[in-house]
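Student: I should like to take a close look at a single part of this protein. Please treat it in one connected account.

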Amino acid sequence: MRLARRTLGAAAIALAALAGTGSAFAQDKGKVYYLVPTLLDEFQTESVTVITNVLKQVGYETVSLDAQNRTDLQLNQFDDVIRLKPKAIVLAAVDFDSVVPGIQKAREAGIPVLVFDRQITSTPLDLTSVAGTVQIGEIAADQIQGLLKARHGSVKGKVLQILGDPGDSYTLDIQKGFEAKMKAFPDVTIITQAALQWEATNAGNIASDQLLTNPDIDVIFVHAAHLAVPVAGILEAKGKKPGDVMLVSSNGAPVGLDLIRKGWEQVEVEQPLYAQAYALAMFMDKIVAKEKLTPGTYDVLGLKAELTDEKWGPNLKIPGAAITKDNVDDPRFWGNLKAPTTPVQPVK
């Protein structure tokens, strides 16, 4: 079975590479392979579009491979791509532990590995470009404190926090930042449950069950916008009006912005997809040339990103922002699907 999967993976890569050669814009610096965890949500599909476009600006052709949310397939893709000797591999991991052997094989073969979006800290990497996920949790906490104070006159009440999959560092970091910021408010009760596999139906079921046992929930905080959709449906089915139970989400997807416009959601804390992608292109030449990256603050699409040296290598964290009804139509938010046209400025 393993051999059959690998043969299929090699064929898929060959087809993808052949399709890539049809571009009207020749690339002269070589190919970069982007290993995508899944193409079932708009964040991932938009990331393919933007990464392809920004790497083209700095001279690289991008070939994207979909792991279909399967760790075994992503590891097989690593094996196949390594044999093709690309200039670099950009990785958004299906699972941040299981993919480590693939990263190690690639780097041993002299191929730089850049991590996009999904933090990995257990093995050396050439660059990590991620949202400040702890900071996303902190921003969500600040916003929820404001919502509770507006409702009760002080920061008190009950919050249902619905995580994504507990095997994903993205959701764990958001939880860490959120709960640390909320510790200062002992009159706030936080109930936490996880929507396994980031399944939207699991989030809906959690909300339904918790509203039965805790009808006094003030705020539901979900860690991704697609989880907010079934939650809003549950609220409506229970006869709630928009705002009766306040809804806060993170990642900034189009569905979240739509829920804000409809009044069901009060705040969406954006994950800065566009800036994360631009950062890959800004540093790509230096990484391919095996040059050291200098820690410090970098301007990435107007956001102050901080590059630090960590035990796993250079780590760039980019801050997110709170989206409300007052700024929901701002094109800088990726959920409006208006990719920026700002030219990439490579780091020298």
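Which residues does Leu163 touch, not counting residues up to four places away in sequence?

Tutor: The model is predicted, and the account that follows should be read in that light. Leu163 touches Thr171, Gln175, Thr192, Gln193, Ala194, Ala195, His223 and Leu227, once residues up to four places away in sequence are set aside. Leu163 itself belongs to strand 6, which covers residues 157-163. The relative accessible area of Leu163 is 6%. Because buried means under 20% relative accessible area, Leu163 counts as buried. A further reference point is Gly30: 133 residues separate Gly30 from Leu163 along the chain, and their C-alpha atoms are 39 Å apart.

The setting of this residue is the protein chain as a whole. The chain contains ten helices and 14 strands, and 53% of its 348 residues count as buried. Of the contacts between residues at least 6 apart in sequence, 70% join residues at least 24 apart. The C-alpha trace spans about 60 × 45 × 40 Å along its principal axes. The radius of gyration is 21 Å, which agrees with the value near 20 Å that a compact globule of 348 residues would have.

As to the surface, the chain exposes about 14900 Å², of which carbon and sulfur atoms supply 54%. Its charged side chains comprise 35 positive and 40 negative ones, and the centres of these two sets lie 3 Å apart.

Terms used:
Residues are numbered from 1 along each chain as its sequence is written. This is a predicted model: local features need pLDDT of at least 70, side-chain atom pairs count only at pLDDT 80 or more; totals for chains, interfaces and linings use all residues. Side-chain values use heavy atoms; hydrogens and water are left out. Helices (H or I, at least four residues) and strands (E, at least two) are DSSP runs, numbered from the N terminus. The radius of gyration is taken over C-alpha atoms; the globule rule is 2.2 Å times the number of residues to the power 0.38. Buried means under 20% relative accessible area, exposed over 50%, partly exposed in between (1.4 Å probe, protein chains only). Contact means heavy atoms within 4.5 Å. Accessible areas come from the Shrake-Rupley method with a 1.4 Å probe; for residues, only the protein chains shown count as cover. Lys and Arg count as positive and Asp and Glu as negative; His and the chain ends are not counted. The place of a charge is taken as NZ of Lys, CZ of Arg, CG of Asp or CD of Glu.
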